[in-house]
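Colleague: I'd like to go through the labels on this model and hear the reasoning behind each. Can you take me through them?

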Amino acid sequence: MNDFPWLTVLVVLPILGALASALVADRDLTKKVGLGFSLLTAAWAVLVATTQWSPSEHLTETHAWIPAFGTHWALGLDGLSLVLVLMTVVLVPLVLVASWRDADAGRPRAFFAWALLLQAASLLVFTATDVFLFYIVFEFSLVPAYFLISGFGGAGRSRAATKFLLFQLAGGLVMLASVVGLYALSAQAGEPSYLIGDLAALELSPTAQRWLFVGFFFAFAVKAPLFPVHTWLADATEQATPPVSVLLVCVLDKIGTYGMIRFCLGLFPDASAWATPVVVTMALVSIIYGAFLAIGQDNLLRLVGLTSLSHFGFIVLGIFVANDAGLQGAAIYMVNHGIATAALFLVAGFLVKRTGTARISQMRGWEKRAPLLAGGFLVAGLAACSLPGLAPFVSEILVIIGAFEHHWLVGTVAVLAIVLAAVYALWTYQRIFTGPGPELVLDDATEQPAVEEHRPDVGAKEVGVLVPLLVALVLFGFWPQPLLDAVQPVTDQMVQLVGRTGPLAEGGAQ
Amino acid sequence: MNTFSEPTLDYVELLPLLIVFGVGLLGVLVEAFGRRGARHRVQVGLTLLGLLAALGATVWVGLDLPEHGSARGTIAGAGSVAVDGPAVFVWATVLVLAVLGALLFAERELEGGVSAFAGQAAALPGTEAERRAASQGLDHTEVYPLMMFSVLGMMLFTAANDLVTLFVALEIMSLPLYLLCGLARRRRLLSQEAAMKYFLLGAFSSAFMLYGSALLYGYAGSVDYARIHEAVAGDSQNDTMLAIGVGLVLVGLLFKVGAVPFHAWTPDVYQGAPTPVTAFMSAATKVAAFAALLRLLYVALEGHAWVWQPVLGGVAVLSMVIGTLMAITQSDVKRMLAYSAIAHTGFLLTGVLGLKTAGAVSPDEITSTQAVLFYLLTYGFTTLAAFAVASLVRDGGGETGALDRWAGLGQASPLVAGLFSFLLLALAGIPLTSGFMGKWAVFEVAASAGAWPVVVIAVLTSVMAVWLYLRVIVSMWFTAPQGPAPSVTVPSLLTSAAIAVAFAVSLVLGLLPGPVLDLAGNVGQFVR
C-alpha cells in the first residue's frame, strides 16, 4: 500500500470539507459537515502516523507539476512535519467547536469553509518538500487567514486584517525574490528543480547563500513573528475572534519557525551560521520585549497575543543556537506552545464572552462567578510561564540549556524571561479573577457580543474543548519522550549540517 | 534592375490573416446591402465564424512550421511577414480574446435590448436626432467589421518583419480602435473625448515611430529586421543615429503598450470607451503590441541590447511604481484597472529585460520569450474578464464604476463579487492564480539575466499593488452600502459565456500552467 497517496488524501480532505461546508445551505448542517471533515482529517492523520510512519522511513510522494518551472507536487512526512501535522489536526476541530456559536453571528458557511481551507494550506505547508510548492501555499494561506480576520471579530478588524496581510505579503514577496534566485542557480547548475533534496545538493557561493538566506529569513521572521516585524500580531489577535487567533498564532505562525529549520538551516547552513549573532539578538529582544509588552497590556487578547512574541523568541533562539538541546527544545516548543497558547486564547475568549469586555481593568473577582474557567485560565497561564510539570517547561528548559551552551550571556538573558512570564500570567490572573465579585460591564465600544446574564460557568462544549488541551499539557509535561523521539532525527541532521560547515562554536564563544 | 519580379505571397502561411481580412470586407458589404433588422444577427454570426475559422487556420499553420535555423517558422509575404512560433502563439491568443470580445460586443440584455454602442454615432449628444435614434432602437453594427480589421492589424503587427509593415500594421490596428472608443451609448461626451485623446496622442506617437524608422533606414540601408541586425552587428560609425532611431521607434511601441511616460491616454480611454471595447482592447492590444516589441528588440536590435536594456529597465520601474501609486488613488473601477494595466506593462517589460544570447540559456531554463508570452496570455484573459464583470454592475444611470457605489456588492450578488475578487487576486498575483505564475516567470528570466534591481523593485511594487486590489475587495464584502445597494444586471448567455471562459482560463493557468508554459516554450525563438 505504499503507493497509496496517504499524504495527498490528508491534504485533500479538509479542502473537500471546505467545499462541502460552503455549498450546504443549512446553517446547522454546514457546521456539522465542517466539523465532521475536520474530525475525519484528524482520524486520517492519526491512522497515517500509527500505521504508515516510522522515524526511519518517511512517507513521501513526488509527482512533476510544472516541468518548465522544475516544480513538483512533492510531499514528505518526517518527524518534525509529523508533530506539527498532528498538532494542526487536533487544534482545528477544537477551534471549530469553540466557534460554534460565534459563527452564527456572521456567516457560518464562510467561517467553516475558510477555516478548513486554512487547515489544508497549513497541512500542505508542513508536508511540502518542494520549495515552490511550499512558497505557493505559504502565500496562499494568507487568503483564508485574511477573510477569517476581516469577516469575523471586533470593530477594527478590517484594518487589522489589512495590516496583517500587507506585512505577510511583504515578507512573502521578499522571499519570492530568493525563490526565483534559487531557480536561476539551480538552472545554471543543470536541470532546474525545486525539490529540497536537489537544492540542498547545490554548491552555492557564500554570497549567494547569504542573499538567499536573507530573503527566506525575512519572510519567516515576519510570519513567526520576531522583533522588529511583529507589530501586526497584537492588532490581529485583538480584533480577530479568539478561535481565529488560535489558528493564526498556534498553527499558521508555526510555518515561520518550521521554515527556519527546514529552509534556513537545511538549505543555507553556512549563511545561518553567519547570521546567528544577529538572529540570536533579535530573538532575545523578542523574548524580553514581548514579555514587557504583554505585562503592559490592558486588553486581554492583545496580552495573550504578545506573550506569543516572547515564546516565538524562545523558539527562534533554540533554532539558531543550533545545538542538540536548543534545536530539540525549539522543535517541541512549537507543539507545546500551540497547545498552551490555544488553551489560553480559548479560555480568554470564553471569559470575554461572559464579561462583555476584553479590558482587564474592568474585570475583577471572576473566580467567584466562574471558578472552573478561573482554574482553566490558571493552568493555561502557568503553562505559558513554563511551570514544571506542564508541557512548555520541558521545551523551555531545553532551549535555555542550548542557549547556555551557546554563550552564558545569551542563556542568562533568556532566563530572565521566566520571571517576566510569571508576572504577566499571575498578575493577570490576580486582576481578573480575584477581588470582590464582578460588576457586569454592559457594552463596550468595541461591540463585543452582548453579555448573557445567567450564562453558566462553562458550557458542555467549552469543557469539551478545554479538557483535551489541558490533558495534553500535563501529559507532555511528564512524558515528552514521544515528541522528542519524533523530532530527533531531524534535529540531529540539522545540527550536523550547521556544525559540519560552520564554525559556530567559535562564533558563539567570543 | 528594371525587371519587375512578381512577389510570391505564401498564401498558406498567411491564411489566418486573409480569413480575418476577408470576413472584415464581407462585414462591410453586409452593412451596405443587408436589411437593418437582420444585420446584428448576421454580423455576429459572421464575425464569430470568421474568427473561429482563422483560429483553426492558425492552429493548422502552427502545427506545420518548417525548421528555420535554430527556430521554427518561415518568412512569408516577400520578406515582410514572419510566420514563426511566437507569431502563431500570439495569433491564437489574439483570436481567442477576439472571440470573447465579440461575445461581449454582441450583448444586448444589459441595456435592455440594444447594444452598448451608440444608436447613431453622428447624432450630437443631447439632440432630437439622438433621442430618435434611441427610441427606434438603432444600433451600430459596423463595430463588427471594425473589430475584424483591428484584429487583422494586431496579427500583422505581431508578425511584421520590417519597419514599414510594422507601421502599416500599427495603423490598421489603431484606426478602428479610435472609432470604437467613441461609440459608447451612454456618457457619449466622455466617450468621444476619450476617442479624440486616443487618436491625437496615437497619431503623435505614430509620427515619432515613423521618423525613427526613417533614421533606422538611414543607418542600416534597409527596413528589414535581418538587415538591421547585420548592420548593428557590423562595426558602424553611426551609433548616434542608431540610438535616436531606436528611441523614436520605441516611443511608438511603448505608447501602444501603455508604458510610463507614454501612458497618459490609458485611464481616460479605458474609462470612456464602451466597456466591451475596453475589455477587448486592453487585452488584445497589449498582447499584440508586446509581441511586436519583442520581435523588434530580439530580432533587429539584439546586438544593441546594452543600450536599450537600461532604458527599458527604467521605463519598467517607472511604469510599475507610477501605475501602482496612481491606481491606489483612483475612485473609479475602470480607471483603477487602467492604472493597474500600466503597472502590468511594467511587469511585462521586466520580462523583456530577460533577453539572453542563445548560448547563455541553460537547456531546461525558461526563456524570456516564453515568460512574456505566458504572462500576456494570463493577463489578457484576466483583464478581459475583469472588465466584463465590471460591465454588469449598474445603478439607475447605467453602468457605474464609482468604487463607493460598489460597497455591499458581496451581499447583493455574492457570485459577481466572488468572481471579481478572484480576478483581482489574480491581477495582484496571489499564488494559485494565473497572475502569480506569470509574475514568477517574468521575474525569473529578468533575475537570471542579471536585472536584479528591477526585480526587487517589481517585488516591492507587488506588495503595494495588493493593497489597491484589497481596497476593492474590502469595499465589496465588508463595507455597508451608502444609499441603495448596487444592482447586478443579469447578462445574456453571450457575456456569461465570455466571462466563464476567461475565468476558467485564469483558474486553470493558476493551478496547472504546465501544458501552456510548455507550449509557449516549444514555440521557440523568433525567426530572423
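Colleague: What makes you say that the charged end of A:Lys223 sits over the ring of A:Phe138?

Modeller: This is a predicted model, and in it the charged end of A:Lys223 is 4.7 Å from the centre of the A:Phe138 ring. The distance cut-off is 6 Å, with the charge also within 35 degrees of the ring normal, so A:Lys223 counts as sitting over the ring. Chain B has another case: the charged end of B:Lys439 lies over the ring of B:Phe347, 4.4 Å from its centre.

Colleague: Why is the pair B:Tyr270 and B:Phe387 called edge-to-face?

Modeller: A search of the whole structure gives 53 aromatic pairs over all chains. In the pair you picked, the ring centres are 5.8 Å apart and the planes meet at 80°. Centres within 6.5 Å make a pair and planes over 60 degrees apart make it edge-to-face, so B:Tyr270 and B:Phe387 get that label.

Colleague: And what does that pair tie together?

Modeller: B:Tyr270 belongs to helix H10 (residues 265-272) of chain B and B:Phe387 to helix H14 (residues 368-390) of chain B, so parts that are 117 residues apart in sequence are tied together.

Colleague: How do you know whether B:Tyr270 and B:Phe387 are buried or exposed?

Modeller: Buried means under 20% relative accessible area. B:Tyr270 has 4% and B:Phe387 has 0%, so B:Tyr270 is buried and B:Phe387 is buried too.

Colleague: Which residues form an aromatic cluster with B:Trp440?

Modeller: That cluster takes in A:Trp65, A:Phe69, A:Phe132, A:Tyr135, A:Tyr183 and A:Tyr194 from chain A, along with B:Phe436 and B:Trp440 from chain B.

Colleague: Why is A:Cys250 said to be in no disulfide?

Modeller: The search finds 0 disulfides over all chains. For A:Cys250, the nearest cysteine sulfur is that of A:Cys385, 17 Å away. A disulfide needs the two sulfurs within 2.5 Å, so A:Cys250 is in no disulfide. A:Cys250 counts as buried, at 0% relative accessibility, and A:Cys264 is buried at 0% as well.

Colleague: What makes B:Asp395 partly exposed?

Modeller: Its relative accessibility is 26%. Partly exposed runs between the 20% limit for buried and the 50% limit for exposed, so B:Asp395 falls in that class. B:Asp395 is part of strand E4 (residues 393-395) of chain B, and its C-alpha is 8.4 Å from that of B:Arg405, 10 residues away along the chain.

Colleague: On to empty space. What lines the largest pocket?

Modeller: The largest pocket has a volume of about 1,900 Å³. Its lining has 48 residues, and A:Leu19, A:Ala22, A:Trp114, A:Leu117 and A:Phe140 lie nearest the centre. Among the elements that give two or more residues are helix H1 (6-23) of chain A and helix H18 (452-478) of chain B. H5(A) has the largest share, 9 residues. By class, the lining divides into 38 nonpolar, 7 polar and 3 charged.

Colleague: How many cavities are there, and what is the volume of the largest cavity?

Modeller: The count is 9 cavities of 30 Å³ or more, and the largest cavity holds about 110 Å³. Of its 17 lining residues, B:Leu104, B:Glu107, B:Leu110, B:Ala116 and B:Pro276 are the closest to its centre. H11(B) gives the most to that lining, 3 residues. The classes there are 8 nonpolar, 4 polar and 5 charged.

Conventions
Residues numbered from 1 in each chain as written. Chains lettered and ligands numbered in written order. Predicted model: local features only at pLDDT ≥ 70, side-chain atom pairs only at ≥ 80, totals over all residues. Heavy atoms only, no water. Phe/Tyr/Trp six-rings, centres within 6.5 Å; stacked < 30°, edge-to-face > 60°. Helix = DSSP H or I, 4+ residues; strand = E, 2+ residues; numbered from the N terminus. Buried < 20%, exposed > 50% of the residue type's maximum accessible area, 1.4 Å probe, protein only. 1 Å grid on protein atoms, 1.4 Å probe; cavity = no way out; pocket = protein on both sides within 12 Å on 5 of 7 lines; lining within 4 Å. Points joined across faces, edges and corners; volume = space filled by probe spheres on them. Nonpolar A, V, L, I, M, F, W, Y, C, P; charged D, E, K, R; others polar.
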